[in-house]
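I am opening a fresh notebook page for a structure I have not looked at before. Come along as I jot down what I look up.

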Amino acid sequence: MATKKIQSALISVYYKDNLEPIIAQLKAQGVKIYSTGGTQAFIEQQGAEVIPVEELTGYPSIFGGRVKTLHPKIFGGILHRRDHSGDISQAAEFDIPAIDLVIVDLYPFEETVASGASEADIIEKIDIGGISLIRAAAKNFKDVVIIASKGQYAELEERLSRQDGATTLEDRRYFAAQAFQVSSNYDTHIFNFFNQTENIPALKISETKAKALRYGENPHQAAHFYGDMEALFDQLNGKELSYNNLVDVDAAVALIAEFDGETAFAILKHTNACGVATAKTVQEAYKKAFEADTTSAFGGVLITNQNVDLAAAEEMHSLFFEVLIAPSFDEDALALLKGKKNRILLRQKIQIEGTKQIKTLLNGIIEQDKDLKTETKADFKVVTKITPTDEEQDALVFAAKVCKHTKSNTIILSNSNQLFASGVGQTSRVDALRQAIEKAKSFGFELKGAVMASDAFFPFPDCVEIAHEAGISAVVQPGGSIKDQDSIDFCDAHGMSMVMTGVRHFKH
């Protein structure tokens with residue numbers, strides 16, 4: 001039958017939160033309830049009669065609770081087909097009662113891993129009986145309802161109330177699909193825990209939180225975000241984040257993380273920084289970042305790694321921007337910035353963790369380690385006769401940080417605390433440099449004494465030649481070209497210094 005009245009239920013859950021309304025429904029409908037241990041005690045506290053699983057199976061809970069429900073009378077009660085004469089006769093022969101509803105909430109494996117518990121404690125939170133009950137009931141959805149997590153308690157209660165204790169075939173199929181989502185997600189996290197050390201070449205991803213976005217990169221493209229955004233940010237104002245907002249926010253958070261221990265500000269557009277600066281205050285850092293490109297800043301994503309006070313808020317309030325990210329805001333600053341209702345304000349709560357990057361490509365997926373290498377002065381190998389001054393080395397460190405987060409081919413021009421200009425996403429490194437020089441000049445920057453960073457080596461000396469003409473005094477680049485010496489010789493002949501890092505930072 002498509003619609004079936006629930007007459008018996010097996011309930012074995014870790015979390016009892018919000019289970020009371022379901023117990024009340026089942027009690028009112030006269031449903032026979034089987035249960036175990038702590039769940040049994042909880043149900044009895046609600047005034048409902050419970051048949052202990054041990055009474056049905058003839059076995060107690062054994063091995064410290066590892067085995068409770070793993071028995072033919074339990075799984076036979078779930079799996080036997082109600083329209084199959086052979087199954088019905090065998091159920092009668094072995095005195096196996098039908099179980100119409102299974103409610104399970106699994107041991108909290110993910111939470112236990114996240115808590116930093118010992119491996120022994122983590123292993124004990126691998127649910128065996130629960131996951132088996134879920135799979136059995138979901139397989140036999142034609143006859144059995146499966147509720148696989150506490151997140152579905154309310155939905156079941158609502159349907160039972162509306163349908164007088166009955167479920168439709170569509171209901172049961174829906175809950176079965178949800179159950180397999182729960183079980184596959186659970187197994188994915190267990191595998192990934194073990195694979196931290198085993199390094200089996202398999203990619204397992206499971207995200208259970210999904211949010212529909214307004215659209216993708218363009219209005220004709222549908223899009224979703226899968227992940228826990230609320231763990232990273234509190235949204236304090238503004239419209240919902242779009243696909244493009246999220247891509248830029250990701251780039252902004254990664255860039256600002258390079259400036260730990262400094263007061264930094266960055267302005268990004270299409271994932272590239274159009275302004276970056278460090279200073280004593282957020283207000284000053286913003287002003288310097290804005291100066292680098294007052295045109296591109298319009299509609300950009302702004303980020304700082306320090307508290308936004310009223311002085312900083314007043315400075316940036318007149319600018320139209322999409323998003324501002326900060327670890328905190330003074331109340332008066334927040335009140336001012338909220339004056340524009342669509343302006344998105346995000347309070348960043350934690351740093352993004354993770355060491356892998358994943359992307360769909362062709363008919364598959366590519367995965368790589370994140371680029372977590374950031375060069376310091378200790379990584380600089382001076383290859384020219386002239387050694388960069390301390391101030392120039394500070395500038396080279398600053399430029400290299402920005403360069404790492406800019407789309408290739410890229411050139412960065414800066415001093416030790418302010419981005420002057422960048423040439424981004426060019427097919428030629430020479431074009432990237434010329435773009436950067438022209439842009440810096442258009443916004444009034446004097447490049448004499450500035451430094452240059454390149455994300456990859458110079459195949460020819462043309463870039464250092466052009467840089468010298470513009471007044472650049474020091475260069476940082478990975479090195480590795482068969483013609484490195486040509487660039488070194490030019491620098492030596494024209495009073496420039498150059499350091500090599502041995503690390504390329506392509507960003508496609």
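**Two helices in contact**

I started with helices α4 and α8, where Ile 74, Phe 75, Ile 78 and Leu 79 of α4 meet Gly 129, Ser 132, Leu 133, Ala 136, Ala 137 and Lys 139 of α8. I sorted this contact by class and got 7 nonpolar, 2 polar and 1 charged residues. A reminder to myself: this is a predicted model.

Next I looked up how the two helices lie. Helix α4 covers residues 72-79 and helix α8 covers residues 129-139; their axes come within 8 Å and cross at roughly 30°. Angles under 35 degrees count as roughly parallel, and α4 and α8 are therefore roughly parallel to each other.

**The sheet and its helices**

Then I turned to an open sheet of 6 strands. In what order do the strands run? I read β18-β23-β22-β21-β19-β20, with mixed pairing. The edge strands are β18 (381-382) and β20 (419-423), and each of them pairs on one side only.

I picked one strand pair for a closer look. Strands β22 (residues 474-477) and β23 (residues 497-500) run parallel and are joined by 4 bridges. Here Val 476 stands opposite Val 499 in β23.

Which helix packs on this sheet, touching β19, β20, β21, β22 and β23? I found helix α16 (residues 390-404), whose direction makes about 35° with that of β21. I also noted helix α17 (residues 429-442), which lies across β19, β20 and β21 and runs at about 145° to β20.

**Aromatic rings**

My last search was for ring pairs, and I found 11 aromatic pairs in the structure. One of them is Tyr 14 with Tyr 107, an edge-to-face pair at 6.0 Å centre to centre with 75° between the planes. I traced both residues to loops: Tyr 14 sits between β2 and α1, Tyr 107 between β5 and α6, and they are 93 residues apart.

Are these two tyrosines buried or exposed? I got a relative accessible area of 34% for Tyr 14, which is partly exposed. Tyr 107 counts as partly exposed too, at 25% relative accessibility.

Another edge-to-face pair is Phe 109 with Tyr 186, at 6.3 Å centre to centre and 65° between the planes. Phe 109 lies in helix α6 and Tyr 186 in helix α10 (residues 169-198), so this pair ties together parts that are 77 residues apart in sequence. Both Phe 109 and Tyr 186 are buried. I closed the page with a cluster in which ring pairs link Phe 109, Tyr 186, Phe 193 and Phe 194.

Terms used
Residues are numbered from 1 along each chain as its sequence is written. This is a predicted model: local features need pLDDT of at least 70, side-chain atom pairs count only at pLDDT 80 or more; totals for chains, interfaces and linings use all residues. Side-chain values use heavy atoms; hydrogens and water are left out. Two strands pair if DSSP finds at least two bridges between them. Contact means heavy atoms within 4.5 Å. Axes are lines fitted to C-alpha atoms, for helices over the stretch in contact, and angles run from 0 to 180 degrees between N-to-C directions. Angles under 35 degrees count as roughly parallel, over 145 as roughly antiparallel, 65 to 115 as roughly perpendicular and the rest as oblique. Ala, Val, Leu, Ile, Met, Phe, Trp, Tyr, Cys and Pro count as nonpolar, Asp, Glu, Lys and Arg as charged, and the others, Gly among them, as polar. Rings of Phe, Tyr and Trp (its six-membered ring) pair if their centres lie within 6.5 Å; planes under 30 degrees apart count as stacked, over 60 as edge-to-face and the rest as tilted. Buried means under 20% relative accessible area, exposed over 50%, partly exposed in between (1.4 Å probe, protein chains only).
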